[in-house]
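Dear colleague,

Please find the structure below, with the sequence alongside. My notes on what was found in it follow.

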Amino acid sequence: MTGVKNLSELIKNMTPELNDGIYVFATVKNINTIERSKAICEFKEKEGTTVIVDQEYADKLGLAYNYTAAWITLKIHSSLDAVGLTAAFSNKLAESNISCNVVAGYYHDHIFVEKKDAKKAIAALKKFSIEK
């Protein structure tokens, strides 16, 4: 199943959904200290491996973090080579003074925003989708 590439269709049908929980970005030198099933995402950098995990799990492990996030999933199956979706929704969020961190999965785009901005971000994304 191939994903959608048409930008207008992507925006119109993105259907943002707020996932339950509070998430954090942390870095570890040894990825084996993280139970892989607990990681939402991991990314290797030369300084260490960045992991996105539930805040409660991070606290249990004593991981350092300075950003608590809400996780929003865009329910449309976007193609990995679609052009413009990330720019479009990140610009719309920026207009509402909301920072975002984006992870593209095979099927969906995932947006992490500051926890305090979750409802505001969902509202902005839904409004943007309707306007298109």
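Contact here means heavy atoms within 4.5 Å. The model is a predicted one, and the values below were computed from it.

**N101 and its surroundings**

Leaving aside neighbours within four places in sequence, N101 is in contact with F25, Y67, H110, I111 and F112. N101 belongs to strand β6, which covers residues 101-104. With a relative accessibility of 33%, N101 counts as partly exposed, because the class runs between 20% and 50%. One of its partners, Y67, is also joined to N101 through a polar contact between the two side chains, at 3.2 Å. R36 offers a contrasting pair: N101 and R36 are 65 residues apart in sequence, and their C-alpha atoms are 21 Å apart in space.

**S129 in helix α4**

S129 is found in helix α4, which is made of residues 118-131. Its relative accessibility is 11%, so S129 counts as buried. Which residues does S129 contact, once neighbours within four places in sequence are left aside? They are I11, K12, N13 and M14. Two backbone oxygens are reached by polar atoms of this side chain: that of I11 lies 2.8 Å from a polar atom of the S129 side chain, and that of K12 is reached by the S129 side chain at 2.8 Å.

**Cysteines**

A disulfide is a covalent bond between the sulfur atoms of two cysteines. The structure holds zero disulfides. C41 is in none, and the nearest cysteine sulfur to it, that of C100, is 15 Å away. Why is C100 not bonded to C41? The sulfur of C100 is 15 Å from the closest cysteine sulfur, in C41, and this is too far for a bond, because a disulfide requires the two sulfur atoms to be within 2.5 Å. As for exposure, C41 has a relative accessibility of 22% and counts as partly exposed; C100 is partly exposed, with a relative accessible area of 22%.

**Salt bridges**

The count comes to seven salt bridges. Three of them are described here.

- D81 and K5 meet through their side chains in a salt bridge, with an N to O distance of 3.3 Å. D81 lies in the loop between β5 and α3, whereas K5 lies in the segment before α1, so the pair ties together parts that are 76 residues apart in sequence. D81 is partly exposed, with a relative accessible area of 48%.
- D117 forms a salt bridge with K116, and the closest N and O atoms are 3.2 Å apart. Are the two residues of this pair buried or exposed? D117 counts as buried, at 7% relative accessibility, while K116 is exposed, with a relative accessible area of 66%.
- K127 forms a salt bridge with E131, the closest N and O atoms being 3.9 Å apart. Both K127 and E131 lie in helix α4, four residues apart, which is about one turn of the helix. Salt bridges that share partners join K127 and E131 with K92 and E95 into one network. K127 counts as exposed, at 53% relative accessibility.

**A nonpolar patch at the surface**

L80, Y106 and Y107 make a nonpolar surface patch of about 380 Å². L80 is found in the loop between β5 (68-74) and α3 (85-95). At 60% relative accessibility, L80 counts as exposed, because the exposed class begins over 50%.

**Two residues with positive phi**

Most residues other than glycine have a negative phi. Where in the model do T15 and N97 lie? T15 is found in the loop between α1 (7-12) and β1 (16-18), and N97 lies in the loop between α3 and β6. The phi of T15 is near 45°, a positive value in a residue other than glycine. N97 likewise is not a glycine, yet has a positive phi of about 60°. T15 counts as partly exposed, at 47% relative accessibility, whereas N97 counts as exposed, at 66%.

With kind regards

Terms used: Residues numbered from 1 in each chain as written. Predicted model: local features only at pLDDT ≥ 70, side-chain atom pairs only at ≥ 80, totals over all residues. Heavy atoms only, no water. Helix = DSSP H or I, 4+ residues; strand = E, 2+ residues; numbered from the N terminus. Buried < 20%, exposed > 50% of the residue type's maximum accessible area, 1.4 Å probe, protein only. Polar contact = N/O pair within 3.5 Å; in protein donor to acceptor, adjacent residues only side chain to side chain. Patch = residues over 30% accessible without salt bridge, like charges linked within 9 Å, V, L, I, M, F, W, Y side chains within 5 Å. Areas by Shrake-Rupley, 256 points an atom, 1.4 Å probe, with all protein chains shown as cover. Salt bridge = Lys/Arg side-chain N within 4 Å of Asp/Glu carboxyl O.
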